[in-house]
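Work through the exercises below with the sequence and the structure side by side. Try each task before you read its solution.

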Amino acid sequence: MNLQETWNPKLVSFIESAQGSDFPIQHLPLGIFKPQMDGNYRVGVAIGHFVLDLAMLDDFGLFDEYNWARKKLFNRLKLNRFMALGRKASQELRCRLVELLSADNPDLRDHQELRTHAFHRMEDITMSLPVEIGDYTDFYSSKEHATNVGIMFRGKDNALQPNWLHLPVGYHGRASTIVKSGTPIVRPSGQTKSDTEENPSFGACRLLDFELEMGFFIGSGNKMGEPISINDAEDHIWGMVVVNDWSARDIQKWEYVPLGPFLAKNFATSISPWVVTMEALEPFRTPGPVQNPKPLAYLDQQGAHAFDIKLDVSIKTSQSETFESISSSNFKYLYWSMAQQLAHHTSSGCEMRTGDLLASGTISGPTPDSYGSLLELTWRGASPITLKTGEQRTFLKDGDSLRMSAFCQNENYRIGFGEVVGEIVPAVHVQ
Ligand code: CA
């Protein structure tokens, strides 16, 4: 089986629930799971309604043709050890898993003992944060988002700062407060000062927002002092997750001058549990926006470097039974590609390590129903959203749950990222 064959839409798995699901045989995202009845987290792959235990496949010798087999890479609490091997190992694993899961291959299909122990129903497992994240960087790569925010704070004529069209703007975030989907989000407290107040005060954030983003993990890194070139950048990008970069707008407004985001961004960032490999995303490659002016040579790219990933944001309040969609966007809207972000990030000589997370920044589309934050959807609170319950929202209230989900779809199949959810719980008062 070669990589090209793993994208064949006619592939069928003996796991019947894979066909037509968010996790078909052409997908195969990796995550860290444990059965609810058994204490050990390990690496699994999603297929239909099941998670397949890769540590067990390795123990049974099903990967023995590869030099990474039998090294306990999957009997781990995080994906890092396998990710460090880079894209080649990831491609070998994908090819082998497609072989093993195919309807016409008896090796796993007819191995009753292994099938009984290696497959777990999705509803019977718990997932963990998939990657040990050493460093987290957040970009600001949506032209629509940067323009909207610029208009709100500086007016239409100065919406984009002079550097924005020349480099992917970003900042160094906090890896320590990146949490898995489902983790409750404590409303942050901080120092704020509104325009009508003479002095700042300390208290619970009043303008709590989400940011619809996607992030990518570094597979193999680089050495300090040795930048990753634009043409090599995609070799270092291992896989992607959905990111909710929670934001405290009132804290941000007062603190951000002159060094940029700080406490308004460091209290929580939630990510989806399945890491979608770049191999799975390859059939959904698409051209990004035309870049004008042409980027400097170290950022200049030919070909299609965006990905068509459909995004949804939904909200559920304490008074509603179900989630209600409030925005639909697409990853392909981003002005700067992941490869450009990575080439720029390392152009100074900055070292990237396996498991580092680089997020896109808020992904807003061209129309108001595709904006990726409440700041934009309500235009800084001036136009509240009315929900089906009749409730209105400008920013998030305690008891609100936010859900982001993503999928790719072509005429043949769909691959899902799963979802990232979080509920806002009341602030912890420190005074
Ligand atoms: Ca952000």
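**Exercise 1.** Determine how strand E1 is paired with strand E2 and with E5, and which residues face each other.

Solution. Step 1: E1 and strand E2 (residues 42-47) pair in the antiparallel sense over four bridges, where strands are DSSP runs of type E with at least two residues, numbered from the N terminus, and two strands pair if DSSP finds at least two bridges between them. Step 2: within this pairing, Ile32 stands opposite Val43 in E2, and the two strands form a hairpin with six residues between them. Step 3: turning to E5, we find that four bridges join E1 to this strand, that the two run antiparallel, and that Pro35 stands opposite Ile125.

The model is predicted, so local features need pLDDT of at least 70 and side-chain atom pairs count only at pLDDT 80 or more, while totals for chains, interfaces and linings use all residues. Residues are numbered from 1 along each chain as its sequence is written, and side-chain values use heavy atoms, with hydrogens and water left out.

**Exercise 2.** Is E1 mostly covered or mostly open, and which residues lie on each of its faces?

Solution. Step 1: six of the six residues of E1 are buried, and the strand is therefore described as mostly covered, with buried meaning under 20% relative accessible area, exposed over 50% and partly exposed in between (1.4 Å probe, protein chains only). Step 2: recall that in a regular strand the side chains alternate between the two faces of the sheet. Step 3: on one side of E1 are Leu30, Ile32 and Lys34, on the other are Gly31, Phe33 and Pro35, and all of these are buried.

**Exercise 3.** Work out the order of the strands in the sheet that contains E1, and find its edges.

Solution. Step 1: the order is E4-E3-E2-E1-E5 in an open sheet of five strands with antiparallel pairing. Step 2: strand E4 (119-121) and strand E5 (125-128) each have a single partner strand, so they stand at the edges, and one side of each is left without a neighbour in the sheet. Step 3: strand E3 (residues 50-53) pairs with E4 in the antiparallel sense over three bridges, and the bridge partner of Val51 in E4 is His120.

**Exercise 4.** Compare this with the sheet in the order E9-E26-E25-E20-E21, and state how its strands pair.

Solution. Step 1: this open sheet also consists of five strands, and its pairing is mixed. Step 2: strand E9 (185-186) and strand E21 (324-330) stand at the edges, since each has a single partner strand, so one side of each is left without a neighbour in the sheet. Step 3: strand E20 (residues 310-316) and E21 pair in the antiparallel sense over six bridges, and Val313 has Ser327 in E21 as its bridge partner.

**Exercise 5.** Decide whether Leu11 is buried or exposed, and describe its surroundings.

Solution. Step 1: Leu11 lies in the segment before strand E1 (30-35). Step 2: its relative accessibility is 16%, so Leu11 counts as buried. Step 3: leaving aside neighbours within four places in sequence, Leu11 is in contact (heavy atoms within 4.5 Å) with Glu5, Thr6, Ile25, Gln26, Val98 and Ser102. Step 4: Leu11 and Ala103 are 92 residues apart in sequence, yet their C-alpha atoms are 8.3 Å apart in space.

**Exercise 6.** How many aromatic pairs does the whole structure hold, and which residues do ring pairs link into a cluster?

Solution. Step 1: a search of the whole structure finds 13 aromatic pairs, where rings of Phe, Tyr and Trp (its six-membered ring) pair if their centres lie within 6.5 Å, and planes under 30 degrees apart count as stacked, over 60 as edge-to-face and the rest as tilted. Step 2: Phe63 and Trp68 form a tilted pair, at 5.5 Å centre to centre and with 50° between the planes, and both residues are buried. Step 3: the ring centres of Phe74 and Phe82 are 5.2 Å apart and their planes stand at 45°, so this pair is tilted; Phe74 and Phe82 are both buried. Step 4: ring pairs link Phe63, Tyr66, Trp68, Phe74, Phe82 and Trp238 into a cluster.
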